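Me: Please take me through one part of this model closely: the surroundings of the bound ligands, and the parts of the fold that go with them. I would like one connected account that I can follow with the structure open.

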Amino acid sequence: MRILAVASEIFPLVKTGGLGDVTGGLPPALNAAGARTTTIVPGYPAVLGALPDAVAVHRFPDLFGGPATILRGTFPQAAGASLDILAVDAPHLYARAGNPYLGADGREWSDNGLRFAGLGAAAAAIGTGIVPDLAFDIVHAHDWQGAMAVVYLHFHDGPRPGTVLTVHNLAFQGRYPAALFPRLGLPDSAFILNGLEYYGDVSFLKGGLSYADRITTVSPTYAREITGPENGMGLDGLLRHRAGVLSGILNGIDDATWNPATDTLIPGRYGRGRLGRRDANKTALRQRMGLDEVPDALLIGVVSRLTSQKGLDMLVDQIDGLVAAGMQLAVLGSGDPDLEDAFVSAAEWHLGSVGCVIGYDETVAHLIQAGSDALLVPSRFEPCGLTQLYALRYGAIPVVARVGGLADSVIDANEAALVAGVATGIQFWPTTAEGLQAALHRLLALWRDRPVWDRVQRNGMAADVSWRGSASRYVALYQSLLAERPAREEAS
Ligand code: ADP
Ligand code: GLC
């Protein structure tokens, strides 16, 4: 079974958040489960630079305003594995340094519609076998940036592979003025209520959701949440309509990158048996964050985009109380300038007790996981969330809002779970300041009951957060699509 994944990010070549982690971490697990995966990505400078030996396999004379070459290359990973990559080398669309979506002024590139329609159109053409020797059974698109591949395949004349669209975050929909539509090269019949049209605009995500053979999201709970008006972001009606093909498959983590026993980004490497070695990481983290070396002070970490989704404005309001209770806080994040300023001010005000690094820094992200006692994720909504999975693996007890994938991946330390010996963290609900405050009190109480704390920490480290189980669920989904191939071919 051959899979063509379509994505705008892939770690370690290009990443702005969890999407890159998933598209980089899932292929090795799929390959191991018998679904050979190639990922098609835009040829940003970082991607082309990482594939020096890539070879041209196809040329489009005009891909939305200029020529494009499809380059085929491999990127080596740990333990002899590698990522198979197709890069769309289209300089007029992607030869721009920095963030894949934003210009240096922090605003979206004005031609993002064409840039990601280009990715989708190229992926759809490859998916239908335009390149000899490159045949695919399934095209698996990720988020709105990959969604147009599904749309172009739906309108393709002739046999086509099955399509899957995975929604990593319904908040981002790829919505553009109707004036874009005539440039997309689609029949007029695509610009309808049950297609790409969304309140008079073009919505890439809606197009993908309308036409995909299967829709997945990144946790079972989020799959349920998005069919209701509260979390449906205006698309819940469509998602209810398509509920029969919608499912949630929880993300896993890339074990080679996120493994405390082999992590080269942290000073003290450890496993469940050598937890004492975490102390070196806590000390290094305190130094990096300007925190005092206070014996027994509980250190809480945060690694996050600073946006309203993540609920960290509520944390800002709790900082005085948290410090008064003797806890310390280490924050790594970037995003909303008001929130960035709020954490910088808190760090100045509570010198030695609160530290922050504003910006994007892989090394600090690993150090927080390896050196914090607890990791806080107070999201208002969270399709899956990866930082709490890393925290489980690294022995930082996750404190999470009970939403989306956070609800599905952390077992709350309530009485029943403690008695059964299965608790792995703390959940709270609703996601309000009071809810968060109560969760921090529970955390402190747990910290003071060291044998129970140790048990919860070890349970978390033993939890299976790998891709194995979820990769087999994707493979089962792909197989169900293969079984429908004769019907698809008849319809084409
Ligand atoms: P989302 O994709 O919504 O941002 P996830 O929890 O799924 O949330 O994934 C976030 C990913 O981005 C994780 O790998 C996390 O470590 C990383 N990350 C987030 N913010 C930063 C940052 N400021 N510096 C380094 N890594 C970050
Ligand atoms: C999105 C979501 C996050 C999820 C990630 C990877 O960025 O916000 O919850 O973990 O995608 O699926």
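Reply: Start at the side chain of Gln-309, where an N or O atom is 3.3 Å from an oxygen atom of ligand 2; this is a polar contact, meaning a pair of N or O atoms within 3.5 Å (within protein, one must be able to donate a hydrogen and the other to accept it, and residues adjacent in sequence count only if both atoms are side-chain atoms). Please keep in mind that this is a predicted model, in which local features need pLDDT of at least 70 and side-chain atom pairs count only at pLDDT 80 or more, while totals for chains, interfaces and linings use all residues. Residues are numbered from 1 along each chain as its sequence is written, chains are lettered from A and ligands numbered from 1 in the order in which they are written, and side-chain values use heavy atoms, with hydrogens and water left out.

Staying with ligand 2, you will find a polar side-chain atom of Glu-382 at 2.4 Å from one of the ligand's oxygen atoms. Gly-385 takes part through its backbone, with an N or O atom 2.8 Å from an oxygen atom of ligand 2. On its own, ligand 2 has 310 Å² of accessible area, and the protein covers 92% of that; such areas come from the Shrake-Rupley method with a 1.4 Å probe, and for residues only the protein chains shown count as cover.

Which residues come nearest to ligand 2? Of the 14 around it, they are His-168, Asn-251, Glu-382, Cys-384 and Gly-385, where a residue is near a molecule or strand if one of its heavy atoms lies within 4 Å of it. This shell divides into six nonpolar, six polar and two charged residues. In that split, Ala, Val, Leu, Ile, Met, Phe, Trp, Tyr, Cys and Pro count as nonpolar, Asp, Glu, Lys and Arg as charged, and the others, Gly among them, as polar. Helix H1 (residues 18–32) gives the most to the shell, with three residues; helices (H or I, at least four residues) and strands (E, at least two) are DSSP runs, numbered from the N terminus.

H1 also leads us to ligand 1. H1, S13, S14 and helix H13 (387–394) each supply at least two residues of the shell around ligand 1, and the largest share, three residues, comes from S13. Ligand 1 has 19 residues around it, of which Lys-15, Gly-18, Asp-21, Arg-305 and Gly-359 come nearest. By type, the shell holds six nonpolar, seven polar and six charged residues.

The polar contacts are worth clicking through. The side chain of Arg-305 has an N or O atom 2.6 Å from an oxygen atom of ligand 1. A backbone N or O atom of Gly-359 lies 2.8 Å from a nitrogen atom of the ligand, and one of Thr-387 lies 3.5 Å from an oxygen atom. Taken alone, ligand 1 has an accessible area of 560 Å², and the protein covers 92% of it.

Now for the sheet that holds S13 and S14. Six strands form this open sheet, in the order S15-S14-S13-S16-S17-S18, with parallel pairing; two strands pair if DSSP finds at least two bridges between them. At the edges are strand S15 (354–358) and strand S18 (426–428), each pairing on one side only. From one strand to the next, the twist averages 20°.

Strand S13 (residues 299–306) and strand S14 (residues 328–335) run parallel and are joined by eight bridges. Leu-306 has Gly-335 in S14 as its bridge partner. Helix H11 (residues 337–349) packs on the sheet and touches S13, S14 and S15, with contact meaning heavy atoms within 4.5 Å. The direction of H11 makes about 145° with that of S15; axes are lines fitted to C-alpha atoms, for helices over the stretch in contact, and angles run from 0 to 180 degrees between N-to-C directions.

Finally, two loops attached to these elements deserve a look. Most peptide bonds are trans. Phe-11 and Pro-12, however, are joined by a cis peptide bond with omega about 5°, and Pro-12 sits in the loop between strand S1 (2–6) and H1. Another cis peptide bond, with omega about 0°, joins Trp-429 and Pro-430; Pro-430 is in the loop between S18 and helix H16 (433–447).
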